[in-house]
Amino acid sequence: MNISACTAAYFTGAGTTRTITERFTAAIEAAGIPARAADIAPAGSDVPTFDPNDLAVFAVPSFGGRVPAPALAQFARCEGHDTPTVLIITFGNRAVDDTFLELADTVRERGFIPVALGAICAHHSLMIDVAKGRPDKTDLEAVDNLAHAVLDKLARISDARDAELADIPGNRPYRDFAGSPFRAQADAGVCTGCGSCARQCPAGAIDPANLASTDTDACITCMRCIVGCPAGARSLTGGEDLAAMRAAFAERLAPRVESYIVG
Ligand SMILES: Cc1cc2nc3c(=O)[nH]c(=O)nc-3n(C[C@H](O)[C@H](O)[C@H](O)COP(=O)(O)O)c2cc1C
């Protein structure tokens, strides 16, 4: 297949999925194919268009073994043309459960054909003592290997359907995930009123006219407003409960889980 460009759409809360997606597109560019990566996370942001000879990439973090709901809604606006597609999931050393299957089901409906996937282990953005220092060299090599594997695979075929993945990991119905018990909150005394959090929020949970208040029903605890606040004014609710859960996860998820690719 002749691939003329690579177009990636990614969702990120704490930034790791951006890092991984850009690592992938850099490896594609190093092979001589122009590549771009679009952050589709902020509510209302544009989704990229995919040209007929594109290689598409959809990348998300696994939240509760599922695709973050705002990402699914954004990907459902994308339009493929029987486009060969790479699925990338980042996860925090627990499991991806049904994330690949949910993602594949959504993008297949839109004309994309999954031909390769990569589950890349990363520092856990919520349970922050899990998988510290990841992605590491081994994880990043897996991303590079994924890029090389998909290009090799596509070079050998003339129709994306001939490269389609037969088995996508996961089960239906998808795992139930009711969300984290913790939510983002603002310290009004520290907030400078810049409004970055409201602009960046994937869930539209922060009212630009009242930055101190977060809609706790809408918040998906993606960490984006907390990591991105220039004043450090945002944090999680939960206090001692959060600290106790973080300690329990750190113990339970101490054994290393490896990144893996299928190409
Ligand atoms: C609300 C929430 C739920 C999560 N659920 C899982 C999970 O089920 N399994 C897992 O291994 N990691 C889980 N993680 C960790 C993230 O998948 C991981 O840190 C990911 O790399 C974050 O990507 P980002 O930095 O692009 O947001 C969760 C993180 C958050 C914030």
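The C-alpha centres of domain 1 and domain 2 lie 27 Å apart. The contact between them takes 14 residues from domain 1 and 12 residues from domain 2. This is a predicted model. The domain assignment gives domain 1 as 5-174 + 256-262. Domain 2 covers 184-237.

Look next at the interface itself. About 950 Å² is buried between domain 1 and domain 2. Carbon and sulfur atoms give 65% of that area. Three residue pairs are in polar contact between the two domains, counting pairs with both residues at pLDDT 80 or more. On the side of domain 1 that touches domain 2, nine residues are nonpolar, three are polar and two are charged.

Which residues form a salt bridge with N and O atoms 2.6 Å apart? They are aspartate 39 and arginine 224. Across the interface of domain 1 and domain 2, one salt bridge is found. In the whole structure the search finds 16 salt bridges. Aspartate 39 lies in strand β2 (residues 35-39) and arginine 224 in helix α6 (residues 224-228), so this pair ties together parts that are 185 residues apart in sequence. Side chains of opposite charge can pair when their charged atoms come close. How covered are these two partners? Aspartate 39 has 21% relative accessibility and counts as partly exposed, because buried means under 20%. Arginine 224 has a relative accessible area of 6%, so it is buried.

Now turn to other charged pairs. Aspartate 97 forms a salt bridge with arginine 94, and their closest N and O atoms are 2.3 Å apart. Both partners fall in the middle class of exposure: aspartate 97 is partly exposed at 26% relative accessibility, and arginine 94 is partly exposed at 28%.

A further pair sits within a helix. Glutamate 141 forms a salt bridge with lysine 137, with the closest N and O atoms 3.2 Å apart. Both residues lie in helix α4 (residues 137-155). They are four residues apart, about one turn of the helix. An α-helix has 3.6 residues a turn, so residues three or four places apart point the same way. Is lysine 137 buried or exposed? At 63% relative accessibility, lysine 137 counts as exposed. Glutamate 141 is partly exposed, at 36%. Elsewhere, salt bridges that share partners build a network. Its members are Arg134, Asp136, Asp139, Arg256 and Glu258.

Leave the charges and look at two threonines. Threonine 85 has its place in strand β4 (residues 83-91). At 0% relative accessibility, threonine 85 is buried. What does its side chain reach at 2.8 Å? The side chain of threonine 85 reaches the backbone oxygen of threonine 83. Setting aside residues up to four places away in sequence, threonine 85 touches Leu55, Ala56 and Phe58 among others. Its contacts also include Phe112, Ile113, Pro114, Val115 and Ala116.

Threonine 17 belongs to helix α1 (residues 16-30). Its relative accessible area is 2%, so threonine 17 is buried. A polar contact of 2.9 Å joins the side chains of threonine 17 and threonine 90. Leaving out residues up to four places away in sequence, threonine 17 touches Tyr10, Phe11, Thr12, Ala59, Val60, Pro61 and Thr90. For a longer view, take glutamate 240. Glutamate 240 is 223 residues from threonine 17 along the chain. The C-alpha atoms of the two are separated by 28 Å.

The last stop is helix α3 (residues 99-108). How many of its 10 residues are buried? Nine are, and the helix is mostly covered. The buried residues of α3 are Thr99, Phe100, Leu101, Glu102, Leu103, Ala104, Asp105, Thr106 and Val107. Where do they pack? The buried residues of α3 pack against strands β3 (54-61), β4, β5 (112-121) and β8 (260-262). They also pack against helix α2 (69-75).

Technical notes: Residues numbered from 1 in each chain as written. Predicted model: local features only at pLDDT ≥ 70, side-chain atom pairs only at ≥ 80, totals over all residues. Heavy atoms only, no water. Domains from an automatic or database assignment. Contact = heavy atoms within 4.5 Å. Buried area = accessible area lost by both parts, 1.4 Å probe. Salt bridge = Lys/Arg side-chain N within 4 Å of Asp/Glu carboxyl O. Polar contact = N/O pair within 3.5 Å; in protein donor to acceptor, adjacent residues only side chain to side chain. Nonpolar A, V, L, I, M, F, W, Y, C, P; charged D, E, K, R; others polar. Buried < 20%, exposed > 50% of the residue type's maximum accessible area, 1.4 Å probe, protein only.
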